[in-house]
Amino acid sequence: MLEFSQVSKSFWTGTQRKVILDRASFRVELGNSLGILAPNGTGKTTLINMMAGLEKPDEGTIRKTCRVSFPLGFTGGINAKLSAMENSRYIARLYDLDPDYVEAFCRWLCRLEEYFDQPVGVYSSGMRSRFTFALMLALDSDIYLIDEGMPSSADVEFNRRAGEILRERLERSTVVIVSHQPATLERIAKSAAVLKNGQLHMFDSLEEARVLYDYQTHD
């Protein structure tokens, strides 16, 4: 379970205070994948980062009773001066996993060959995306966090291998996906929510959520 209790979060933009959450309370239950609709600029990434523990609330409490992934495609935990091998082993220790397994899994999935032992800073954006995606899949989680849909790579074989693994994980895991496009959520979400005026309005179906979202975006 992932639970927000009376959580507030805001930023000062230089001219005004931007409110992301205002004493918001909601819960994500295991087995009930959630799609969150929010227009661009309303704080989708901040919300998903708070779920991952990458950002702290100004007020309130965030409780976790399960393993929550970092957001799919997140690169903030990667040290560009270290190689993929060094990064994978370091992250494995942080998550109390076998470094040999995590390194071997990432080597197999990424297929970066000799680049796996070179600093991540010299990678192309596609190579870095493949590594971070592989690293997330190596860290088996109960809840996977996805910001704006699935990342893709120019490497067709990587997309096939990673896609098969992700689909298998999603069959036995829970997903929280945030997007400004309802179509992005259709294949994944069992329930849906709309981020509006600092509150997360929960619905049993995407169709119900779209009514509020369409009204909000065309208001």
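These legends go with a set of close-up views of a predicted model.

**View 1. An open sheet of five strands, with mixed pairing.**
Reading across the sheet, the strand order is 5-6-3-7-8. Strand 5 (143-147) and strand 8 (199-203) sit at the edges, each pairing on one side only. From one strand to the next, the twist averages 20°. As a reminder, strands of a sheet pair through backbone hydrogen bonds, either parallel or antiparallel.

**View 2. Strands 3 and 6 run in the parallel sense.**
Here we look at strand 3 (residues 34-37) alongside strand 6 (residues 174-179), with four bridges holding the pairing. To get your bearings, find Ile36, which stands opposite Val178 in strand 6.

**View 3. A hairpin made by strands 7 and 8.**
Strand 7 (residues 191-196) pairs with strand 8 in the antiparallel sense, over five bridges. Leu195 has Leu200 in strand 8 as its bridge partner. Just two residues separate the two strands, and Asn197 in that turn has a positive phi of about 50°.

**View 4. Two more residues with a positive phi, neither of them a glycine: Gln6 and Glu113.**
Gln6 has a phi of about 55°, and you'll find it in strand 1 (residues 2-12). Glu113 also comes out at about 55°, but its place is in the loop between helix 3 and helix 4 (125-138). Which of the labels buried, partly exposed or exposed fits Gln6? With 43% relative accessibility, Gln6 counts as partly exposed. Glu113 has a relative accessible area of 53%, so it counts as exposed.

**View 5. Lys9 and Asp58 meet in a salt bridge.**
The side chains come together at 4.0 Å, N to O. Lys9 belongs to strand 1 and Asp58 to the loop between helix 1 (44-52) and strand 4 (59-64), so this pair ties together parts that are 49 residues apart in sequence. Is Lys9 buried or exposed? Its relative accessibility is 9%, so Lys9 counts as buried. Asp58, at 43%, is partly exposed.

**View 6. Asp140 and Arg172 form another salt bridge.**
This one has an N to O distance of 3.5 Å. It links distant parts of the chain, with Asp140 in the loop between helix 4 and strand 5 and Arg172 in helix 5, 32 residues apart. Both ends are partly exposed: Asp140 has a relative accessible area of 31%, and Arg172 has 49% relative accessibility.

**View 7. Arg27 and Glu29 pair up, and five other residues form a network.**
Side chains of opposite charge can pair when their charged atoms come close. Arg27 and Glu29 do this at 3.4 Å, N to O. Arg27 is partly exposed at 41% relative accessibility, as is Glu29 at 36%. Elsewhere, Arg89, Asp100, Glu103, Arg107 and Asp117 are linked in a network of salt bridges. The structure holds 14 salt bridges.

**View 8. A nonpolar patch on the surface.**
Tyr90, Leu94, Tyr95 and Leu97 make up the patch, and together they have about 390 Å² of accessible area. Tyr95 sits in the loop between helix 2 (84-94) and helix 3 (99-110) and is partly exposed at 37% relative accessibility. Asp98 is placed in the loop between helix 2 and helix 3, and with a relative accessible area of 44% Asp98 is partly exposed. From Asp98 to Ile177 is 28 Å, C-alpha to C-alpha, with their positions 79 residues apart in sequence.

**View 9. The surroundings of Phe11.**
Phe11 is in strand 1 and is partly exposed, with a relative accessible area of 32%. Setting aside neighbours within four places in sequence, Phe11 is in contact with Gln16, Arg17, Lys18, Ile20, Thr46 and Glu55. Arg169 is a long way along the chain, 158 residues from Phe11, and the two C-alpha atoms are 35 Å apart.

**View 10. Arg161, a buried arginine.**
Arg161 lies in helix 5 (residues 156-172). Why does Arg161 count as buried? Because its relative accessibility is 5%, and the cut-off for buried is under 20%. Beyond neighbours within four places in sequence, the contacts of Arg161 are Trp108, Leu109, Cys110 and Arg111.

Key
Residues are numbered from 1 along each chain as its sequence is written. This is a predicted model: local features need pLDDT of at least 70, side-chain atom pairs count only at pLDDT 80 or more; totals for chains, interfaces and linings use all residues. Side-chain values use heavy atoms; hydrogens and water are left out. Patches are made of residues with over 30% relative accessible area and no salt bridge: like charges are joined within 9 Å, nonpolar side chains (Val, Leu, Ile, Met, Phe, Trp, Tyr) within 5 Å. Accessible areas come from the Shrake-Rupley method with a 1.4 Å probe; for residues, only the protein chains shown count as cover. Buried means under 20% relative accessible area, exposed over 50%, partly exposed in between (1.4 Å probe, protein chains only). Two strands pair if DSSP finds at least two bridges between them. Axes are lines fitted to C-alpha atoms, for helices over the stretch in contact, and angles run from 0 to 180 degrees between N-to-C directions. Contact means heavy atoms within 4.5 Å.
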